[in-house]
Amino acid sequence: MFRLLLLVLLLAASPSRAGTAASECWAACRRHVTEPSLRARTCPVCVTGGRVDSWVPALGTGGADARLALESALKDAHWRVRWAAVRTEARSRGLTERRALADWIMDSPPDADLGACLTAVRAAADAGRSTADFLRDAGARGPSAAARVWERREDIRQALALEMFSQEPSARLPALLHLATFQGRSATRVVLDAVASRPVAGDEVMAQLLSAVAERQRASVGRLLLVDAKPPDEPAINRLFAVYSRELDALRPELASADVQRRRIAVAALRRYGPLASRELAGALADEDGRIREMAARGLAESGGKALRDAALQGVKDAETVEAARPWLGAMAREKGCLAFLRDVAEGHHARTPEIQGEAVALLGDCVEGPPPTRRLAPFLVSTVPSVRAGAVRALGSLPRNGEALALATKGLEDGAPEVVVAALEVLASYRQPSRGDDAAGLLDSEHPLVRAAAARALEFVGRSPHVRVLAERLRVDPVAEVRIAAARTLSTLGGPHAVAALSEAAAHDADSHVQHVSAEGLRRLGFGR
């Protein structure tokens with residue numbers, strides 16, 4: 001009954017990696033532990049052990065049957081089971097694990113020592129050590145054991161290279177890393193050699209392995225290949241490129257998706273390709289989503305092998321428009337050293353235009369370094385450059401809501417520069433305080449179309465029913481279509497008879513088709529029309 005319950009538990013867990021490990025552990029235990037009572041005491045450890053070798057240490061306190069099971073475990077196909085058996089034997093004999101490992105190697109017949117030698121190689125590599133270094137502390141037999149392992153190096157290479165193509169994907173990366181450590185070479189070099197020596201059919205497996213290595217090293221496959229590749233590797237590199245090109249082809253439609261989350265996932269995936277995806281990453285710098293732009297900037301920095309600050313500095317210096325500079329400034333706004341970097345750009349040291357300076361100031365609100373944000377922004381609020389003042393006001397909108405930030409933003413409404421007034425209106429709208437509605441409504445008569453449009457947009461969030469009349473008038477008479485569009489959208493939110501009348505007239509008679517469309521949509525939103 002207990003065995004049946006245990007089997008049910010293992011099967012229930014099987015969809016997860018933990019469940020797979022428990023199943024492998026259970027199978028390994030049953031292969032080597034044949035005595036019923038010992039099996040009943042030992043194998044249940046697999047339910048909670050989480051590793052294929054979890055059951056082995058339980059044999060250390062057993063008698064003759066346990067010793068037979070340990071001897072059998074030394075012949076298991078999985079190196080962790082063999083190593084666990086060596087360690088358990090070492091404890092029972094009062095030896096160090098490495099001494100027991102050296103004894104096993106040296107006591108094995110020369111024609112049957114591959115299992116012992118492979119175990120030594122993998123245990124050493126798992127500890128990040130060369131085999132010779134690992135066996136140095138194994139006592140008098142350590143050097144001889146290390147020499148014995150080295151004599152079998154070609155057989156070991158073949159065994160680990162074969163496991164890199166294992167049917168079990170989880171076994172591939174450890175085999176690659178262990179072989180690289182044993183040979184004292186980079187994992188990239190091992191992959192290139194494997195591609196060169198095997199048919200094209202295995203290229204996809206090798207490409208996936210190199211991607212896994214890049215992820216572990218927080219690098220990209222393109223960067224790894226640039227560092228390790230030599231001219232004779234060109235055929236192997238081209239074969240890997242062919243695999244990655246197919247993967248990039250599959251990602252490109254996602255980069256154009258209307259779903260921002262799908263685009264984010266696609267851009268995050270691009271970073272693993274590094275220089276191979278430079279064109280796609282450069283295109284993502286212009287995405288409307290700020291997070292995507294930042295990920296693309298980081299990806300391009302990594303693909304060039306540069307620190308983000310260095311890449312961002314060059315990106316800002318090269319930028320002729322604020323749109324081109326924005327991804328680099330946005331990426332640095334959350335990076336260590338953001339205050340000094342953004343302040344330098346804001347003061348005009350690296351920016352080509354005042355608008356880029358203003359963008360740097362706007363992002364100071366996202367930087368967590370330095371003095372309190374309002375004090376950090378104070379010098380820029382009185383700058384002689386309008387774009388810089390506007391950026392400082394915009395930065396107030398990214399701060400936690402507080403009276404000081406609100407007062408500073410309200411003061412921006414009195415600025416003579418239209419871009420500063422627009423920024424102040426946007427911040428006040430984000431605060432959603434109806435008490436600021438009259439301030440916004442008063443700016444509907446501004447001589448600047450940008451200000452009138454911003455005021456109309458702000459009233460969607462701070463407007464009240466008395467403001468409907470002035471918005472309706474603006475929809476009827478304003479000469480600029482952008483202002484009329486903003487007024488129509490806000491009217492469709494505030495509603496009321498005057499809003500419906502103004503929207504109906506605009507939908508039927510406005511000279512601009514976009515204004516007509518927005519007005520008709522507003523009527524439908526209010527429950528009128530089809």
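Which residues are buried in helix H5 (residues 64-73)? Select the helix and colour Ala66, Ala69, Leu70 and Ala73, which are buried (under 20% relative accessible area, with exposed meaning over 50% and partly exposed in between, for a 1.4 Å probe and protein chains only). Viewed down the axis of H5, the buried residues fall within an arc of 100 degrees, so they line one face of the helix; the arc is that of the directions from the helix axis to the C-beta atoms. Ala64 and Leu68, on the other side of H5, are exposed.

This is a predicted model, in which local features need pLDDT of at least 70 and side-chain atom pairs count only at pLDDT 80 or more, while totals for chains, interfaces and linings use all residues. Residues are numbered from 1 along each chain as its sequence is written, and side-chain values use heavy atoms, with hydrogens and water left out. Helices are DSSP runs (H or I, at least four residues), numbered from the N terminus.

Next, select H11 (residues 153-163) and H12 (residues 172-183). Their axes come within 8 Å and cross at roughly 155 degrees (lines fitted to C-alpha atoms over the stretch in contact, with angles from 0 to 180 degrees between N-to-C directions). H11 and H12 are therefore roughly antiparallel, a term for angles over 145 degrees. For the contact (heavy atoms within 4.5 Å), show Arg153, Ile156, Arg157, Leu160, Ala161 and Glu163 of H11 with Arg172, Ala175, His178, Leu179, Phe182 and Gln183 of H12.

Finally, go to H30 (residues 468-477), where Val468, Leu471, Ala472, Arg474 and Leu475 are buried. They cover an arc of only 160 degrees around the axis, which puts them on the same side of H30. Add H29 (449-462), H31 (481-494), H32 (497-509) and H33 (513-525) to see what the buried residues of H30 pack against.

Key
Helices (H or I, at least four residues) and strands (E, at least two) are DSSP runs, numbered from the N terminus. Angles under 35 degrees count as roughly parallel, over 145 as roughly antiparallel, 65 to 115 as roughly perpendicular and the rest as oblique.
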